[in-house]
Amino acid sequence: MRKSIVAGNWKMHGNLAANAALVTDLLNTRFPGDAVDILVCPPAVYIPQVAVLLQGGGIALGAQNASAFEKGAYTGDISLSMLAEFGVQYVILGHSERRALFGEDDAQVAEKFKAVMASGVKPIICIGETLDERNAGQTLDVTARQLKAVLDVVDTDSLSEAIVAYEPVWAIGTGLTATPEQAQEVHHALRELIASYDADAAAKVRILYGGSVTADSAAQLFAQPDIDGGLVGGASLKAKDFLAICSAAADASANG
Ligand code: PGA
């Protein structure tokens, strides 16, 4: 059985005071034992602050991006070893905002994926189709292409440690959530694709849904057999909403 995981992607939100208040509220609720893995991904500049706030609280720390390079003349970039020094355990890669707004392509995302896998930090690799692609019936082709680009560059034995996030671009920040059935169809196809590389990894790899997940939509999404939790943007900035989503994921783990 796969353990559910919920990741909060704060994007470019927060400040010292708001981060402290949010993390304090999150840490006030404990989930029993091993029910769900929870992490928050603040803007990079706040990673040291949030690392201290989270200490001993059972919530892990993630980054929203990382360089594929170890060090050197890459102005503005941050390496994986720098992130690891502050206790970062996960890094989001290939988010559709980075692909669309900052021109990251499949090849660059694959280079980052390779570097993250080698570093011991866990990647959360994001993939998803645009509305035009969905309307043209290309959803499964586009998501398979994006996932294949990363599967092709790593040793498949280690894939079970990676986390995949299916995030339809049209659902991100729009209030439009994929239906549980739409999401399950894609998640199942992605797991089959991973199985064509390594059946054992496919059974273990966690595939998250992202795109306007709310406290109301989470339970039905997480009840789908191939949905193992969520990557949450807007709702991760409100402790009550994020905790309700984490609770839905913990219940889904418990109900197997
Ligand atoms: P959203 O963002 O929950 O605000 O739609 C999800 C994401 O971009 O990861």
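**Strands and ligand shell in a predicted model**

Student: In this predicted model, what makes strand β5 (residues 122-127) largely enclosed by the rest of the structure?

Tutor: The model is a prediction, and within it five of the six residues of β5 are buried, so the strand is largely enclosed by the rest of the structure. Buried here stands for a relative accessible area under 20%.

Student: How do you know that β5 pairs with strand β4 (residues 90-93), and in what sense do β5 and β6 pair?

Tutor: Pairing requires at least two bridges between the strands, and four bridges join β4 to β5, which run parallel, with V91 standing opposite P123 in β5. β5 and β6 likewise pair over four bridges, in the parallel sense, and I124 has I163 of β6 as its bridge partner.

Student: Which strands does β7 pair with?

Tutor: Strand β6 (residues 163-166) is joined to β7 by four bridges and runs parallel to it, Y166 having Y209 in β7 as its bridge partner. Two bridges join β7 to strand β8 (residues 229-232), again in parallel, and this count still satisfies the requirement of at least two. Within β8, L231 is the bridge partner of G210.

Student: What makes β7 (residues 206-210) a mostly covered strand, and how are its two faces filled?

Tutor: Five of the five residues of β7 are buried. In a regular strand the side chains alternate between the two faces of the sheet. On one side of β7 are R206, L208 and G210, on the other I207 and Y209, and since each of these is buried, both faces are covered.

Student: Why is N9 called buried or exposed, and where is N9 placed?

Tutor: N9 has a relative accessible area of 6%, and because the limit for buried is under 20%, N9 is called buried. N9 belongs to strand β1 (residues 4-9). Leaving aside neighbours within four places in sequence, N9 is in contact with residues including H95, L231 and S236.

Student: How do you know that the side chain of N9 makes polar contacts?

Tutor: A polar contact needs a pair of N or O atoms within 3.5 Å. An N or O atom in the side chain of N9 is 3.5 Å from an oxygen atom of the ligand, which is just at that limit. A polar atom of the same side chain also lies 3.0 Å from the backbone nitrogen of K11.

Student: What is said of K11 and S212 in relation to the ligand?

Tutor: A polar side-chain atom of K11 lies 2.7 Å from an oxygen atom of the ligand, and a backbone N or O atom of S212 also lies 2.7 Å from a ligand oxygen. Taken alone the ligand exposes 280 Å², of which the protein buries 95%.

Student: Why are K11 and S212 classed as buried or exposed, and what is notable about their phi angles?

Tutor: With relative accessible areas of 19% for K11 and 16% for S212, each value is under 20%, so both are called buried. K11 is found in the loop between β1 and α1 (16-27), and S212 in the loop between β7 and α10 (218-222). Most residues other than glycine have a negative phi. Phi is positive, however, near 50 degrees in K11 and near 55 degrees in S212.

Student: Which residues come nearest to the ligand, and how does its shell divide?

Tutor: Of the 13 residues around the ligand, K11, H95, E167, G173 and S212 come nearest. The shell comprises four nonpolar, seven polar and two charged residues.

Note on methods: Residues are numbered from 1 along each chain as its sequence is written. This is a predicted model: local features need pLDDT of at least 70, side-chain atom pairs count only at pLDDT 80 or more; totals for chains, interfaces and linings use all residues. Side-chain values use heavy atoms; hydrogens and water are left out. A residue is near a molecule or strand if one of its heavy atoms lies within 4 Å of it. A polar contact is a pair of N or O atoms within 3.5 Å; within protein, one must be able to donate a hydrogen and the other to accept it, and residues adjacent in sequence count only if both atoms are side-chain atoms. Accessible areas come from the Shrake-Rupley method with a 1.4 Å probe; for residues, only the protein chains shown count as cover. Ala, Val, Leu, Ile, Met, Phe, Trp, Tyr, Cys and Pro count as nonpolar, Asp, Glu, Lys and Arg as charged, and the others, Gly among them, as polar. Buried means under 20% relative accessible area, exposed over 50%, partly exposed in between (1.4 Å probe, protein chains only). Contact means heavy atoms within 4.5 Å.
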